[in-house]
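Dear colleague,

Please find below the structure that I am handing over to you. A description of what was found in it follows.

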Amino acid sequence: MNWDAISAIGETIGAVAVVISLLYLAVQIRQNTNHIKSNIAATELSAFERNIASGNRVREFFLLNPELLELYMKGRKSYKNLESNEKIRFDMIFRNVFSEIQGAYIRQWSIDHDPNGFLGLTKVVDQDVSCVGIQELLQLAEFDWRPEFKKFVFDRLEIVSGASPVD
């Protein structure tokens, strides 16, 4: 047998094997990309559902504890006019509410790194930080929020404080 012919056959087989390998690799990459897209969609849905559950927890908290809702509404009007024990309770309620909001903010931010994706709860934060009592509390207390959330809240405070505070 001619060595040149054997070499040509070997090169042809090698070229076909390379093409088959590349096609296999392309199929694997496409499957992996689809799998990643599915995981991202599931993560986004999970974060959305957790945000809904978080909002429901806050609403349920106030529905089941009307006296705490009353205190929260009173504190929103004026933190400084609360009795000392009311200030402590109002502070804890505020921290719980804003802890839930922070969780939603961080989940949204971690998915798309876009604070504009947080427009729904921006309105909630704006409603709270536009209240005199919450403005007073924000000026007096220190909060252990994540830096990006703290910046968000105080940026919103700066924006809404240009408007007249809500009583």
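Of the 167 residues of the protein chain, 30% count as buried. Please keep in mind throughout that this is a predicted model.

The overall form may be described next. The chain contains six helices and zero strands, so that its pattern, read along the sequence, is α-α-α-α-α-α. The C-alpha trace spans about 105 × 35 × 25 Å along its principal axes. The radius of gyration of the protein chain is 28 Å, whereas a compact globule of 167 residues would have a value near 15 Å. As for contacts between residues at least 6 apart in sequence, 66% of them join residues at least 24 apart.

The interior deserves attention next. The largest nonpolar core has 28 residues, and those that touch the most other members are Y72, F94, F98, V129 and L138. At least two residues of this core come from each of α1 (3-64), α2 (66-77), α3 (84-112), α4 (119-129), α5 (132-140) and α6 (147-160). The largest share, eight residues, is supplied by α3.

F98 may serve as an example from this core. Which residues does F98 touch, leaving aside those up to four places away in sequence? They are Y72, V125, D128, V129, W145, F149 and V153. Two of these partners, Y72 and V129, are also listed with F98 among the core residues that touch the most other members.

Helix α5 is a further part of the interior to examine. Its residues G133, I134, Q135, E136, L137 and L138 are buried. What covers the buried residues of α5 includes α2, α3, α4 and α6. L138 appears again in the core, as one of the residues with the most contacts to other members.

Finally, there is the largest pocket, which has a volume of about 370 Å³. It is lined by 18 residues, and the closest to its centre are G55, V58, R59, L121 and V124. Where does the largest share of the lining come from? It comes from α1, which supplies eight residues. At least two lining residues are supplied by each of α1, α2, α3 and α4. By character, the lining divides into ten nonpolar, four polar and four charged residues.

When you look at the model, you may wish to begin with F98 and its partners Y72 and V129, and then turn to the pocket lining, including V58 and L121.

With kind regards

Key:
Residues numbered from 1 in each chain as written. Predicted model: local features only at pLDDT ≥ 70, side-chain atom pairs only at ≥ 80, totals over all residues. Heavy atoms only, no water. Core = buried A, V, L, I, M, F, W, Y, C linked by side-chain atoms within 4.5 Å. Buried < 20%, exposed > 50% of the residue type's maximum accessible area, 1.4 Å probe, protein only. Helix = DSSP H or I, 4+ residues; strand = E, 2+ residues; numbered from the N terminus. Contact = heavy atoms within 4.5 Å. 1 Å grid on protein atoms, 1.4 Å probe; cavity = no way out; pocket = protein on both sides within 12 Å on 5 of 7 lines; lining within 4 Å. Points joined across faces, edges and corners; volume = space filled by probe spheres on them. Nonpolar A, V, L, I, M, F, W, Y, C, P; charged D, E, K, R; others polar. Rg over C-alpha atoms; globule rule 2.2 N^0.38 Å.
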